[in-house]
Amino acid sequence: MTEDKRKPMRTCIGCGQKKEKENLMRIACDRDRHVIWDVKKADGRGAYLCKDAECLKKAIKTKALNRTFRLSIPEETYRSLEDEFGKKWE
């Protein structure tokens with residue numbers, strides 16, 4: 001008897017591809033409505049992005065985070081996410 005261990009799948013809000021959760025980065029919106037890279041599995045609503053700068057650019061261009069979190073996200077938050085992305089993944 002084999003055990004069926006399915007890995008959780010999530011959809012990248014940049015490119016729309018489904019991938020295993022462990023291959024994506026999570027962005028969260030906390031209770032104070034701050035949008036942050038989620039490295040500690042924070043409470044609150046989350047969105048996933050591929051570890052590719054192009055996916056982040058697409059998400060920003062299409063305002064995917066605004067729709068996901070139901071917020072109007074300021075440009076400075078987007079710039080901060082881009083800066084932090086460069087430090088983490090490039």
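**A hairpin, a one-sided helix and a shared core**

Strands E3 and E4 form a hairpin with 5 residues between them, and within that turn Arg 33 has a positive phi of about 65°. The model is a predicted one, and the hairpin is a convenient place to enter it. Strand E3 covers residues 24–29 and strand E4 covers residues 35–38; the two run antiparallel and are joined by 4 bridges. One of the pairings sets Cys 29 opposite Val 35, its bridge partner in E4.

From the hairpin we can turn to helix H1, which spans residues 53–61 and in which Ala 53, Cys 55, Leu 56, Ala 59 and Ile 60 are buried. These residues lie on the same side of H1, because they cover an arc of only 160° around the axis. At the start of the helix, a side-chain oxygen of Asp 52 comes to within 2.9 Å of the backbone nitrogen of Glu 54, while just after H1 a positive phi of about 55° is taken by Lys 63.

The cysteines deserve separate attention, since a search of the whole structure finds 0 disulfides. What keeps Cys 50 from bonding to its closest cysteine sulfur, in Cys 12? The two sulfur atoms are 3.6 Å apart, which is too far for a bond, given that a disulfide requires sulfur atoms within 2.5 Å. Cys 55 is likewise in no disulfide, the nearest cysteine sulfur being that of Cys 12, 3.8 Å away. Cys 50 is buried, with a relative accessible area of 4%, and Cys 55, with a relative accessible area of 5%, is buried as well.

In soluble globular proteins, nonpolar side chains tend to be buried together. Here the largest nonpolar core has 24 residues, and those with the most contacts inside it are Ile 27, Val 35, Trp 37, Leu 49, Leu 65, Phe 69 and Ile 73. The elements that give two or more residues to this core are the hairpin strands E3 and E4, strand E5 (45–50), H1, helix H2 (64–69) and helix H3 (75–89). The largest share, 5 residues, comes from H1.

Leu 65 offers a closer view of how separate parts of the chain meet. Leaving aside residues up to four places away in sequence, Leu 65 touches Ile 13, Ile 27, Ala 47, Ala 59, Arg 70, Ile 73, Tyr 78 and Leu 81. Among these partners, Ile 27 and Ile 73 are, like Leu 65 itself, listed with the residues that have the most contacts inside the core, and Ala 59 is one of the buried residues of H1.

Key. Residues are numbered from 1 along each chain as its sequence is written. This is a predicted model: local features need pLDDT of at least 70, side-chain atom pairs count only at pLDDT 80 or more; totals for chains, interfaces and linings use all residues. Side-chain values use heavy atoms; hydrogens and water are left out. Two strands pair if DSSP finds at least two bridges between them. Buried means under 20% relative accessible area, exposed over 50%, partly exposed in between (1.4 Å probe, protein chains only). The arc is that of the directions from the helix axis to the C-beta atoms. A polar contact is a pair of N or O atoms within 3.5 Å; within protein, one must be able to donate a hydrogen and the other to accept it, and residues adjacent in sequence count only if both atoms are side-chain atoms. A nonpolar core is a set of buried Ala, Val, Leu, Ile, Met, Phe, Trp, Tyr and Cys residues joined through side-chain atoms within 4.5 Å. Contact means heavy atoms within 4.5 Å.
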